[in-house]
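Trainee: I have the model open. Can we walk through the strands and then the core?

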Amino acid sequence: MTEKWQVTFEVYRKKDNQQPYYEKFELDVNPDEYVLDGVERIWAYKDRSLVFSHACHHSTCGACGMVVNGVEKLTCITPIREVTKNGGTIRVEPMRNFPVISDLSVDMSEFYARMEAVKHQPVVSISEENSKGKIRVEDDVEELFRLADCIECGLCISACPIAATTPLYIGPAVLAGAQQGGQLLNPCVLEMVDSEDGAWRCHSAYECSEVCPSHVDPGWRIMDLRKKVVSHRLKRFFGVK
Ligand code: SF4
Ligand code: FES
């Protein structure tokens, strides 16, 4: 028989210029359902004006990040059983360090724009064999680079204590992206990460790595990025290719 729990969702609400507040919704749930299922049920049966983001429901699109009982979670893979008990409360809030659009939905456009910047890496030349031998067919083109595992959910930024102090900080996901592949060959990316608001701003709190649902380990990547930045700067200084 399916287990049934009664839980209270305490949902952050904010509309336009109103003061934010928390609204309580009582739900009967199966504890093996996910937090996102509960939020969707509130929307479907209790309040159609609730605003939140979601898409894939299987930890791929990165759209359903929220703060659940004070901790950043990808809500489509967070079982209710993991965050409360029968008769307990689940406080659901929008991610921190992003502007709130409405209720649980945040504006991630600035973050996506920064991610785009590190997804392009220069390919110095592409060669091809033909009857005359090896010829160069293209120079200095850019190729879109897939960042290993990152689903661009923004949870790492929400959890980051430095991002909480300044919106100018590039943030863990973007720095983790810049650490991969050959992105630092792109002078724009090198300038961006080797700056006051780049890799040197991080205080190694590792909160980002704690909450990342995709095992990107941005904290480690930022530390490694610093070594790579210094190495690139030295190579440039001494004219080494
Ligand atoms: S690094 Fe991890 S937490 Fe940060 S955006 Fe990518 S997947 Fe999400
Ligand atoms: S809904 Fe796509 S990652 Fe959760």
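Trainee: Which residue in β5 stands opposite Val-67?

Mentor: This is a predicted model. Strand β3 (residues 65-68) and strand β5 (residues 89-93) run antiparallel, joined by two bridges. Across from Val-67 in β5 stands Glu-93.

Trainee: Which residue of β3 points the same way as Val-67?

Mentor: In a regular strand, side chains alternate between the two faces of the sheet. In β3, Met-66 and Val-68 point one way, and all four residues are buried. Pointing the other way, alongside Val-67, is Gly-65.

Trainee: Which residue in β4 stands opposite Gly-65?

Mentor: β3 pairs with strand β4 (residues 71-74) in the antiparallel sense, over four bridges. Opposite Gly-65 in β4 is Leu-74.

Trainee: Which residue in the turn between β3 and β4 has a positive phi?

Mentor: The two strands form a hairpin, with two residues between them. One residue in that turn has a phi of about 45 degrees: Asn-69.

Trainee: Now the largest nonpolar core. Which helix gives the most to it?

Mentor: That core has 59 residues. Val-35, Val-92, Cys-156, Leu-175 and Val-193 touch the most other members. The top contributor, with five residues, is helix α5 (residues 172-179).

Trainee: From which domains does this core draw at least three residues each?

Mentor: Each of two domains supplies at least three. They are domain 1 (5-106) and domain 2 (109-237).

Trainee: Which arginine is in contact with Leu-175?

Mentor: Set aside neighbours within four places in sequence. The contacts of Leu-175 then include Ile-170, Val-193, Pro-218 and Leu-225. Also among them is Arg-221.

Notes. Residues are numbered from 1 along each chain as its sequence is written. Chains are lettered from A and ligands numbered from 1 in the order in which they are written. This is a predicted model: local features need pLDDT of at least 70, side-chain atom pairs count only at pLDDT 80 or more; totals for chains, interfaces and linings use all residues. A residue is buried if 20 or more other C-beta atoms lie within 10 Å of its own, exposed if 12 or fewer, and partly exposed in between; C-beta atoms are placed from the backbone. Two strands pair if DSSP finds at least two bridges between them. A nonpolar core is a set of buried Ala, Val, Leu, Ile, Met, Phe, Trp, Tyr and Cys residues joined through C-beta atoms within 7 Å. Domain bounds come from an automatic or database domain assignment. Two residues are in contact if their C-beta atoms, placed from the backbone, lie within 7 Å.
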